[in-house]
Amino acid sequence: MSSAGNIPRGQGGRIWLLTGAGSGFGRAMVATAVAAGDEVIATARRPETVADLVTAHPEQVETAALDVTDTSRCQQVVDEVVDRYGRLDVLVTTLDTARSARWRRPATPSCGYCSTCTSTVQLR
């Protein structure tokens, strides 16, 4: 993941991991989360497509390269987010191809990474 320097992270609102942030609905979701004071890890196959979001909101947005069809990379990104922030509050995947990455709802109401998730999704 890349950010704009050594900024203390996870101090504010929710922590989002958002796929497909380079355009369309994903980009709009980043703007919504940032406006709410939350922090976003904006992923895209080509992270340079979201670099402007980091520039515009360096204390709230980070990027990570992610192709959601690569299940091992999906798990790695989730683990990196949890390691960095200690939790993952919101996971949004905006691409139809995410079905092949085997995202699924857990059997229990907890995502396994935090105690505050109310609508959670985790990798399997």
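**Figure 1. What the buried side of helix α1 packs against.** In this predicted model, the buried residues of α1 pack against four strands, β1 (15-18), β2 (39-44), β3 (61-65) and β4 (90-92), and against the helix α2 (51-56). The residues in question are G26, M29, V30, A33 and V34, which are buried in α1. They sit on the same side of the helix because they cover an arc of only 130° around its axis. Look at the other side of α1 and you'll find G24, F25 and A35, which are exposed.

**Figure 2. Helix α1 from end to end.** This helix takes in residues 24-35, so to speak its 12 residues. From the first C-alpha to the last, α1 reaches 17 Å, close to the 16 Å expected at 1.5 Å a residue. Just after the helix comes G37, which takes a positive phi of about 85°.

**Figure 3. D38, tucked into a loop.** Once you leave α1, you meet D38 in the loop that leads to β2. Is D38 buried or exposed? D38 is buried, with a relative accessible area of 3%. Its side chain makes a polar contact with the side chain of W16, at 2.9 Å. Leaving aside residues up to four places away in sequence, D38 touches G13, R14, W16, A33 and Q60. One of these, A33, also turns up among the buried residues of α1.

**Figure 4. Strand β2, covered on both faces.** How many of the six residues of β2 are buried? Six of the six are, so the strand is largely enclosed by the rest of the structure. In a regular strand, side chains alternate between the two faces of the sheet. Here, E39, I41 and T43 lie on one side of β2, while V40, A42 and A44 lie on the other, and all are buried.

**Figure 5. The neighbours of β2 in the sheet.** β2 pairs with β1 and runs parallel to it, with four bridges joining the two. To find one of the pairings, start at L17, whose bridge partner in β2 is I41. β2 also runs parallel to β3, and here five bridges do the joining. For this pair, look for V40, which stands opposite V61 in β3.

**Figure 6. Two β-α-β units that share β2.** Follow the chain from β1 through α1 to β2, and you've traced a right-handed β-α-β unit. Carry on from β2 through α2 to β3 for another right-handed β-α-β unit.

Terms used
Residues are numbered from 1 along each chain as its sequence is written. This is a predicted model: local features need pLDDT of at least 70, side-chain atom pairs count only at pLDDT 80 or more; totals for chains, interfaces and linings use all residues. Side-chain values use heavy atoms; hydrogens and water are left out. The expected span of a helix is 1.5 Å times one less than its number of residues. Buried means under 20% relative accessible area, exposed over 50%, partly exposed in between (1.4 Å probe, protein chains only). The arc is that of the directions from the helix axis to the C-beta atoms. Contact means heavy atoms within 4.5 Å. A polar contact is a pair of N or O atoms within 3.5 Å; within protein, one must be able to donate a hydrogen and the other to accept it, and residues adjacent in sequence count only if both atoms are side-chain atoms. Two strands pair if DSSP finds at least two bridges between them. A crossover is right-handed if, with the strands pointing away from the viewer, the path from the first strand over the helix to the second runs clockwise.
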